[in-house]
Amino acid sequence: MEVGALGIIGAIVRFGIGAPPNCPQPRFLRCTTPPHMEESAAAASTSTVQSLDNGDGDGEGIQHPHPIRRRSPAAVHYVGPFQFRMETPDNTPRNILEKIVWDKDAQLSLMKERKPLVVLHKLLPQAPPVRDFLGALKESCNRTGMPALIAEVKKASPSRGILRENFDPVAIAQSYEENGAACLSVLTDEKYFQGSFENLHAIRSAGIKCPLLCKEFIIDAWQIYYARSKGADAILLIAAILPDSDIKYMIKICKILGLAALVEVHDEREMDRVLAIDGVNLIGINNRNLETFEVDISNTKRLLEGERGRIIAERDILVVGESGLFTPEDIAFVQNSGVKAVLVGESLIKQEDPGKAIAGLFGKDISLRT
Ligand SMILES: O=C(O)c1ccccc1NCC(=O)[C@H](O)[C@H](O)COP(=O)(O)O
C-alpha cells in the first residue's frame, strides 16, 4: 500500500523504525505459565471474548458490550528502513482503562525480558513471609464493629492528578497503621499513579505489620510472582480487564503462593461472573467506573441487593467497598449495604496527616489504642 493511500482510508500515519514485518504478534495476551502450573494453564488460555451470565446464573449467554481489549498490532508499511504505522479504531485505545492495560502490556514485555519467570521463581524463598490479609480484615471488623480499613498509599491518579506533593510512602504507611488501618493498599503503577514496587518493598522492609495489597493492573501471572517477591500479601484482580479463565488461573496461583486475591467488580455482570468462579472469598465493589471515572457509592448497595447479597452471605465472602468514601455517613452507608471492609485513598491521603484523618472518616478512633 502506498503511504498516500493511508490518508484515503483516514488513518493517521506514524513515523518510526521498528522490528521487521512478518514477526507474529498475538492479538490477545496469554498468561505466563508458572513452572509448576502447566496443566491448569492449558485449561486457562486467555479468551478473546468474555462470556457473561445472562441472569440465569449459569455463567453463559450475553457478551460484554465493551470488553477491555488487548493491544492489536498496528498495520505497518516499510519504506526503506522506515516503518509507518497506521492508527485505526482497532489499535487505538477506546478509554483510559484500555490505555492503561495496553501500556502495561508493553512495559511487562520489558520487565519479563529482564527477569524471566524462572529467575523470579527462584527468588521467592527470599521474600518475606506472607501475612493473612483476609484474617486481618475480619479481625479488625470484629474488634471495632465497623468496616475494616484498607488505607491506600496513593500519590496520584488519572482522575484526580497529583493527590499529595509531599509524598513519603513509608511515613504515610506508618501513620495509617498507628491509627487503625487493618491493611494497606500500595499503588505500584508508575505511569498513571506515580507508584512503584520500590514503595511496596520499602513499606514492607520498614517493619509495617499491616498486610499489603499490591494495587496493580494485573494482566499476566508473572506480575503475581513479582508482587510476592516484593513483599505483597494480596493482589488485585480486576474483572473488567480479565477473562474468567485468567481469574480462575490467577486465583490458583495466589493459593499456591499463600496470597489473598481481591477480585474487583463494578457492575452486576462482573459480579455475576465472579460469583460463578470457585474459590473467590474476597470481592471489591469499585464505586468508580474505571472507563469514565464516574463515582457513585450507591453502586455498592445495588450490587449487594437481593440474590447476589444472599449468595455472598451464604458463602461468607468478605466484600470491600472501594472508592469515593469521604465521610462517616459514607462509611455507614456502605456498612449498611453489607461491606465488612473499605478501601480508601483520596479522602485520607489529601489530609495533612493521613493517619490522623482516619478517626474523622470513621467518626471515631479505630486504632488499637481504644
Ligand atoms: O483513581 C483513579 O482515578 C483510577 C483510574 C483508573 C483506574 C483505577 C483508578 N483508581 C483505583 C481505585 O479504585 C482507587 O485507587 C481506590 O479504590 C481508592 O479510591 P479513592 O478513595 O476514591 O481514592
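Is Lys115 buried, exposed or partly exposed? In this predicted model, Lys115 is partly exposed, because 15 other C-beta atoms lie within 10 Å, a count between the limit of 12 or fewer for exposed residues and that of 20 or more for buried ones. Lys115 sits in the loop that joins α3 (96-114) to α4 (117-123). Between Lys115 and Glu216 the C-alpha to C-alpha distance is 18 Å, and the two residues are 101 residues apart in sequence.

The strands form a closed barrel. Eight of them take part, in the order β4-β7-β8-β9-β10-β11-β12-β13, with parallel pairing. From one strand to the next, the twist averages 25°. Strands of a sheet pair through backbone hydrogen bonds, in either a parallel or an antiparallel arrangement. One pair in the barrel is β9 (residues 234-238) with β10 (residues 260-265), joined by five bridges in the parallel sense. Within this pair, Ile235 has Ala261 of β10 as its bridge partner.

An unreviewed UniProt entry lists residues 97-359 as "domain: Indole-3-glycerol phosphate synthase". This span is 45% helix and 17% strand, and its end C-alpha atoms lie 33 Å apart.

The ligand is surrounded by 20 residues, of which Ser157, Ser159, Ser323, Gly345 and Glu346 come nearest. By class, the shell consists of seven nonpolar, seven polar and six charged residues. At least two residues of the shell come from β13 (341-344), and at least two from α14 (346-349). Strand β13 is also one of the eight strands of the barrel.

Terms used. Residues numbered from 1 in each chain as written. Predicted model: local features only at pLDDT ≥ 70, side-chain atom pairs only at ≥ 80, totals over all residues. Pairing = 2+ DSSP bridges. Helix = DSSP H or I, 4+ residues; strand = E, 2+ residues; numbered from the N terminus. Axes fitted to C-alpha atoms, helices over the stretch in contact; angles between N-to-C directions. UniProt positions renumbered as here; feature names shortened; annotations may be inferred. Near = placed C-beta within 6 Å. Nonpolar A, V, L, I, M, F, W, Y, C, P; charged D, E, K, R; others polar.
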